[in-house]
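Have a look at the model below and turn it around a few times before reading on. I've jotted down some points to check against the picture.

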Amino acid sequence: MHPQKINGRTLHRRWTPQDFYESVHATSNDEVTDATYDSVLESELYPFQKRAVKWMLAREDTMQSPRDGGTTFSTLATDLDGNACYVDHMQGIVFAHPPLDGEQSVSGGILAEEMGLGKTVELMALISLNSRPKLTTTKVSKGPDLVMDNYSGNMVMPSRATLIITPASILPQWQTELNRHAPNLSVFHYQGITADKKKSPSADAILRDLATKYDVVLSTYHTLAREVHFAEEPPDRNMRHQRKFERKRSPLVQIEWWRICLDEAQMVESGVTAAARVACRLPRIHSWAVTGTPLRKDIQDLLGLLIFLRYKPFDDVSSGRLWGHLVRSHRHLFRKLFGAIALRHTKAQIRDELHLPAQKRVVVTVPFSVVEQQNYTTLFNEMCEEVGVNEDGTPAVEFWNPSEPAVIEKMRTYLSRLRQTCLHPQVGGKNRRALGKGAAPLRTVAEVLEVMIEQNETNIRVEERTLIAASLQHAHILGNNEEDVRRSEKALAIYEQVLQSCTEMVKSAREQLAAALSAADVSEDKIDSDEEASSESTPLLGRLKNNLRIALQLQHASTFFAATMYFQIKTNEALTLEGSDDFKKLEEKESSFYEDAKLLRKEILSENSKKAESLMQKIRDLSNRQTITKMPTIKDLQSLGGIESRRIVEKSDALFDVIRELNGVLKDWRTRMAALLLKPLVDEEADKEIVGDEYEDSTKQQDELYVYFDAFKAVHADLNALVTGESAPLIDHEAKLYLKNCKAYFNPDFADEDKPHIHAPELGQKLFTIRKKFRDQREQVGSVRGLIQEARTLESSMHANEPGTRVGTEYAIVQRHLHSLQAVYSSYMKALSGLEKEVELFRTTQNQRVEFYRQLQELSDDVGPYKEELDKELDMHALDSALQKEKQSTKLLAQLKTKNRFLVHLRDDESGAQGGPKVCIICTSTFEQGVLTECIQQWFSQARSCPMCKRKLSSADLHDITFRPQQLRAQEEHQPGGSSNSPTKASSSSSRENGTPAQATGIYTDVSPTLLEEIKSIDLPNSYGTKIDTLGRHLHWIREHDPGAKSIVFSQYREFLDVLGIALRDFKLGHARLGRPGAAEKFKHDPSIDCLLLDAKTDSSGLTLVNATHVFICEPLIQTAVELQAIARVHRIGQTRPTMVWMYLINDTVEEAIYEISVQRRLAHVQGRSKSKKTSREATPGAAQESAIEVANSEELQSAPLSKLLVAGKSGGEVVGTHDLWKCLFGKTGAGNSEAAQGEVGRFLRAEAAEERRNEDREAARAGAVDRSRG
């Protein structure tokens, strides 16, 4: 420990994972092992594995010498009486006798070998070398004698078996490895208590088999979790009766296992999960926690391991406080504890003993396609605008604060989006939403380009409307200046200029719509027709029609305002004499423009007008064609002298009278509704002038119709109840509530603001009062169906005797009445259905008329007066604001149109991307970045017109684009020499010019370009982006040139692998996805599977994939430990062939900056090791540096728990520290050369470092306070 004193108090440094890894035991290369370990397995053990097995045997106290005293938390002391005592400073307890500590209570320990060093083989050797002595069996049970389990106090059956608990994903791997390396061991897979009692053997038979038949029993954490209720004792409850059935007990807790091994023991975490609770309860002699990553989350994971090992005093979940005290204040005891019970070798330590096949690491740098580059650049610029910086990272606004939490969060969000965009534009939720919804699950590059064009065109339309609105505002302000006599002339000039722009917009919109209609082979009339399709039948046609409608509205407004200006100039005596030629010309202009505005208004309203007129015509046809629903005529039932049936006749008379009266009401209301709906639309009346109040007038008619609709619906429900007997409580409630609101509305005691808002209260009160009368009569007269039921009951009580008798005559009368009632019921059911359809037609017509008047009112509002009164003087503030908006919109609109021309040019290109070198149309030379070439700068300063069409241009008309040749670059990673000298600036700049990652390290050389050319020449059916396409071609190349070779494809983003899986299916490449059932076994044994997709969030602990020889890292990572998890699955013991690691990155993006950060950190480890060991270049050149690389990798793996390196959630990637955000985003933009940016970032980093120190001090202070309070 390195204590630090603050204000006189001693504060200890923060705990790090390195404290654990520096504490664990590692065997010495000088340690000698005998021949005992030579032939224990079918395969030969490595020397370090033999030493590990020797240490494990010593931990089990068998073949080797006794331990050297072990770990103890107490020291020998003398009390005041001179007697010996034992002081435990950690717990603050004094013992009279030596306390029992963990060293005496644990037989076993923690096997924490680094990934890929053969922990499985070491355990198999231990099992083979140290088996349980032969057990005595009883004749009665035919099993071993029961023994007492001191931990639980229960009698259990001893077993010679080793129980191995493993994740389900690697259980088949255990079975394979045991069969391969230790075929003499009998193995059983325990799958838990079975539910089928008939097929399962008895509990005693299972216990005997587990105790006597097998050397190894395999099970999973999932099985343990399922048996938690069969392993733990149920709570004591006072029960009235004894249990009828004996509670099942898990056989796992009824056996004293010779040895229990938890593979991937980090799964037990803090010991509180269901699987951990069962694992801790299992009786055993020896305990082993096996894990290559003992720290999964934090230091509490180690406590979970000690709880499983039953290491006193940390053998219970309640020992968390004592554990924290050990970590904070007794670090020397912490080291001593794990130095005794934990063993770990790293690849760096035993590198000379491994002799693994060579591994090459190659960085493949690929360029964006032009489409992808545009998409990435747009997103990057959006990020700069949101964050408040320029493209080079310099502050764009004054007093910009880079340490503001909102700024940091935006930077972090956009960094994630930019990294995802480098993989594919559709990776990430925000990126997918930015591309819009689509039926296709995965977009090709061409589809992404179409989305970009569509979005850019939408932005153009928005900006055009913004510019026109600002120009109209400009004209309004000038035309409202009372002190300027010529205000109308000035405003007219602007209105006419705007009108010209609107005319061009309308023309362009018509042409685009016509082209789309022609391509879809649909006429505009059919699109407007509801029977054929609607304007939204396809997204494209709907969008184009909306564009045309908006353009027409703007043209209508500008035309109307121009006409108004002509009128004002004409009537202004200071400008025009009445009756003069100028007066007549202005009058003609005025009339012409107003007529144009009227025609435009008709065209805008034509779609809604046609729909409304079509529906109105259907209502007319109901009467003209006599297809309107007619209410059936009801005839009274004849008495005919029947005694029994007389009651039915009397009830029907009253019922039929109510129905006849209700029919009349329905007919009258329907006629009134039709009359209101058939009133001509305002714009269809040639003699009626538009005054702007049409919508308000139509609302009065709407209110009447709403009331008629509601009242008609209620009376229709009443008629249905009179026929069928079915009530409508919801309609009754609505009618009752409406009458209540009407009463409140007419109550003089209510203030106007307190009165409820209801439609046409006078009419509504009248109609619903009429309806209430019918509602009250329903209970008295019953229903037609009720009379039918009554007649059936009467009929069933009679018998058809011979004609002429009284009963026979009565029976015939009832049958005639029943037939008449059924005819009434059937006819009225048809009429009710017809009424429903008519009311629905009426309601649809009403809604369409409302939409027509709403749009008409919108047009009237658009041409309303700017102000009610003229300004006494020119409103300069409003004018400046309008001019500023015009300027900004003009510039942005020019940029959007320029960008649109470029995107459309890409679409028109057959390949959809750059097909060859680009030629300057000025000097006919090839170029890369057009706006930076020398000739274009000279031309723009002199000509300032388009070389092709000769149109005058401004700087806003130039779009910054980058054409890069589609060239792949690959660099093999070599280890640097012994010298750790930094590369020169010249070499670094040279590499930048070549388009490769800046050689901040100087450790890369080019590989043969032939391979890359072969990869590039492979054809694919579709293009999903440069990175996916290159990866697909690469896998095809491997399939062709190295048949049978398999690959691991790793990405931190699970969503990218979803996207990649779709593309691989399209490329006809077989793949499996780790995390799905049977994926690992399928990858190992199915020859059709080319690659296994692995993401950072899917647990691959313990997985051996040595059948793969290629690892593809899809994006560079700052946290190297994340990618090493994937590489370690392949480059490990058991690998017999050379392996290749291919890292893909996009140049001149955040990926390249991230890669350089990662390499610099690895080199810092390498160079630090080289200096500390003073390795010379002459001594085994490359080997020492390769060892340093292994050390660096080990330190990366041990630097932090893996879960701390990843963002929470399924879609998150790696954690990027705040101090790395700036370098990642602007490391490739030249921000490092900006003094302003450097100053801001420096201040930001210093503030962050200070805050971290303050947090550490506060945490240490709190820890000290807790310790003092406990003392």
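The points below go from the whole chain to a few strands, a helix pair and some single residues.

1. **The big picture.** First things first: what you see is a predicted model. The protein has 39 helices and 24 strands. There are 1271 residues, and 50% of them are buried. Now take the contacts with a separation of 6 or more: 77% of them are accounted for by residues 24 or more positions apart.

2. **Strand 20, inside and covered.** Find residues 1046–1051, which make up strand 20. Is this strand mostly covered or mostly open? Mostly covered: six of its six residues are buried. Look at how the side chains take turns, with Lys1046, Ile1048 and Phe1050 pointing one way and Ser1047, Val1049 and Ser1051 the other way. Both of these sets are buried, the lysine and the serines included.

3. **The partners of strand 20.** Which strands pair with strand 20? One is strand 23 (residues 1108–1113), which pairs with strand 20 in the parallel sense over five bridges. To see that pairing on screen, pick Ser1047 and look for its bridge partner in strand 23, His1110. Another is strand 22 (residues 1091–1095), which is also parallel to strand 20, with five bridges between them. Here a good spot to zoom in on is Ser1051, whose bridge partner in strand 22 is Asp1095.

4. **Strand 11, another enclosed one.** Why can we call strand 11 (residues 216–220) largely enclosed by the rest of the structure? Because five of its five residues are buried. Check each face in turn: Val216, Leu218 and Thr220 sit on one side, Val217 and Ser219 on the other, and both faces are covered.

5. **Who lies alongside strand 11.** Strand 9 (residues 162–166) runs parallel to strand 11 and is joined to it by five bridges. In that pairing, Thr162 stands opposite Val216. Strand 10 (residues 187–189) runs parallel to strand 11 too, with three bridges joining the two. Try clicking on Phe188: its bridge partner in strand 11 is Val217.

6. **A small open sheet.** Now go to the sheet made of three strands in the order 3-4-5, which is open and has antiparallel pairing. Which strands are at the edges? Strand 3 (74–78) and strand 5 (93–95), each of which pairs on one side only. Neighbours in this sheet are turned against each other by 35° on average, direction ignored. Between strand 3 and strand 4 (residues 84–88) there are five bridges, and the two run antiparallel. Thr78 has Ala84 of strand 4 as its bridge partner.

7. **Two helices packing.** Next, find helix 14 (residues 370–387) and helix 28 (residues 876–908), which pack at an angle of about 150° with their axes 10 Å apart. That angle makes helix 14 roughly antiparallel to helix 28. Their crossing is left-handed. On the helix 14 side, the contact is made by Val370, Val371, Gln374 and Thr378, while helix 28 brings Lys899, Phe902, Leu903 and Leu906. Sort the residues of this contact by type and you get five nonpolar, two polar and one charged.

8. **Ser471, a tucked-in serine.** Ser471 is found in helix 17 (residues 445–479). Is Ser471 buried or exposed? Its relative accessible area is 9%, so Ser471 counts as buried. Leaving aside residues up to four places away in sequence, Ser471 touches Ile494, Val498 and Glu886.

9. **A cis peptide bond.** Don't skip the bond between Lys312 and Pro313: it is cis, with omega at about 5°. You'll find Pro313 in the loop between helix 10 (300–309) and helix 11 (320–329).

10. **Two positive phi angles.** Ala760 is not a glycine, yet its phi is positive, at about 35°. It sits in the loop between helix 24 (729–745) and helix 25 (761–781). With a relative accessible area of 15%, Ala760 is buried. Lys1068 is not a glycine either, and it has a positive phi of about 65°. Look for Lys1068 in the loop between helix 33 (1054–1066) and strand 21 (1071–1073). This lysine is exposed, with a relative accessible area of 61%.

Notes:
Residues numbered from 1 in each chain as written. Predicted model: local features only at pLDDT ≥ 70, side-chain atom pairs only at ≥ 80, totals over all residues. Heavy atoms only, no water. Buried < 20%, exposed > 50% of the residue type's maximum accessible area, 1.4 Å probe, protein only. Helix = DSSP H or I, 4+ residues; strand = E, 2+ residues; numbered from the N terminus. Pairing = 2+ DSSP bridges. Axes fitted to C-alpha atoms, helices over the stretch in contact; angles between N-to-C directions. Parallel < 35°, antiparallel > 145°, perpendicular 65-115°, else oblique. Left-handed = near helix turned anticlockwise from the far one by under 90°. Contact = heavy atoms within 4.5 Å. Nonpolar A, V, L, I, M, F, W, Y, C, P; charged D, E, K, R; others polar.
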